[in-house]
Amino acid sequence: MSITLYGYWRSSTTWRVRIALNLKGLDYTIVPVHLVKAEQHTEAHKALNPLAQVPVLIFDQDGDAPVAITQSMAIMEYIEERFPTDGQPLLPSAPVARARARQLAEVINSGTQPLQNFAVLNRLKESGVDARAWGSDFIRNGLSAVETLAATTAGAFLVGDQPTIADLCLIPQLYNARRFGAPIDDLQTLLAVEARCNALPAFQRAHPDQQPDAQAPD
Ligand SMILES: N[C@@H](CCC(=O)N[C@@H](CS)C(=O)NCC(=O)O)C(=O)O
């Protein structure tokens, strides 16, 4: 069996998947796709993801045709369902807590990250819009919502006392918040959760700076 992750060191959605694989204790090979050099738009990459984005996870099991999955939420859920007893679970077991983990993850996945994505920002810049301010506003808005929701869901982590897909989405989004200069110092629950995540090797090894294609920050 082999697992290959097509991604980019600073892609927040690729980062989520790296944490998921690390928490599960799964080995994987990274294939860098350089977004700034537009490698996501090559025909080879679009054959894997017609939306021209990363991440893409290729799961290759001897004897079966390789499975290529896009969309980080689908990938994380697949990893959890395919390897339910490996490493740590990515979702709580109780139905309400599972729904809360998905809910908080989606506030970031569908309510925040798409509004500050590379392609969106490039289009905004072409239209003369201050893309950094735009991104900062939407990130602040999304993370403020997560902070409010976390008041009733958080323990040591965003939902309860174990990391879930909500935390896997949170950590890269906080990194993006800092890149965009979004104010986050008052989001005390999120910052406390971040500190706990950052203490875990699975999160440390997933950090962009630890990736083979990492570059000096621009
Ligand atoms: N909903 C998708 C979003 C993926 C996504 O936005 N990927 C970004 C990097 S974080 C990308 O590939 N952007 C390339 C581009 O915008 O051209 C997921 O969660 O996988």
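**Around the ligand**

In this predicted model, an oxygen atom of the ligand sits 2.7 Å from an N or O atom in the side chain of Ser72. That contact has company. The side chain of Gln40 brings a polar atom to 2.8 Å from an oxygen atom of the ligand, and Asn117 does likewise, with a polar side-chain atom 3.1 Å from a ligand oxygen. As for the surface of the ligand, it exposes 520 Å² when taken alone, and the protein buries 92% of that.

Stepping back from these contacts, the shell around the ligand comes to 17 residues. Gln40 and Ser72 turn up again among the closest of them, together with Val54, Gln71 and Gln113. By residue type, the shell breaks down into ten polar residues, six nonpolar ones and one charged.

Where in the fold do these residues come from? Domain 1, running over 2-88, and domain 2, running over 95-202, both give residues to the shell, so the ligand lies between them. Looking at helices, α1 (12-24) and α5 (118-126) each supply at least two shell residues. Of the contributing elements, α1 gives the most, with three residues. As for the space that the ligand takes up, this is the largest pocket of the model.

The backbone has a couple of oddities worth a look, and one of them involves a residue already met. Val54, listed among the closest residues to the ligand, is joined to Pro55 by a cis peptide bond, with omega at about 5 degrees. Pro55 itself is found in the loop between α2 (43-48) and β3 (56-60). The loop between α2 and β3 also holds Ala52. Here the phi angle is the thing to notice: for Ala52 it is near 60 degrees, a positive value in a residue other than glycine. Most peptide bonds are trans, and most residues other than glycine have a negative phi.

Taken together, the picture is of a ligand lying between domain 1 and domain 2, with polar side-chain atoms of Gln40, Ser72 and Asn117 set against its oxygen atoms, and with 92% of its exposed area buried by the protein.

Conventions:
Residues are numbered from 1 along each chain as its sequence is written. This is a predicted model: local features need pLDDT of at least 70, side-chain atom pairs count only at pLDDT 80 or more; totals for chains, interfaces and linings use all residues. Side-chain values use heavy atoms; hydrogens and water are left out. A residue is near a molecule or strand if one of its heavy atoms lies within 4 Å of it. A polar contact is a pair of N or O atoms within 3.5 Å; within protein, one must be able to donate a hydrogen and the other to accept it, and residues adjacent in sequence count only if both atoms are side-chain atoms. Accessible areas come from the Shrake-Rupley method with a 1.4 Å probe; for residues, only the protein chains shown count as cover. On a 1 Å grid over the protein atoms alone, a cavity is a set of points where a 1.4 Å probe fits but cannot get out, and a pocket is an open set with protein on both sides within 12 Å along at least five of seven lines; lining residues have an atom within 4 Å of a point. A molecule sits in a cavity or pocket if more than half of its atoms lie within 2 Å of its grid points. Helices (H or I, at least four residues) and strands (E, at least two) are DSSP runs, numbered from the N terminus. Ala, Val, Leu, Ile, Met, Phe, Trp, Tyr, Cys and Pro count as nonpolar, Asp, Glu, Lys and Arg as charged, and the others, Gly among them, as polar. Domain bounds come from an automatic or database domain assignment.
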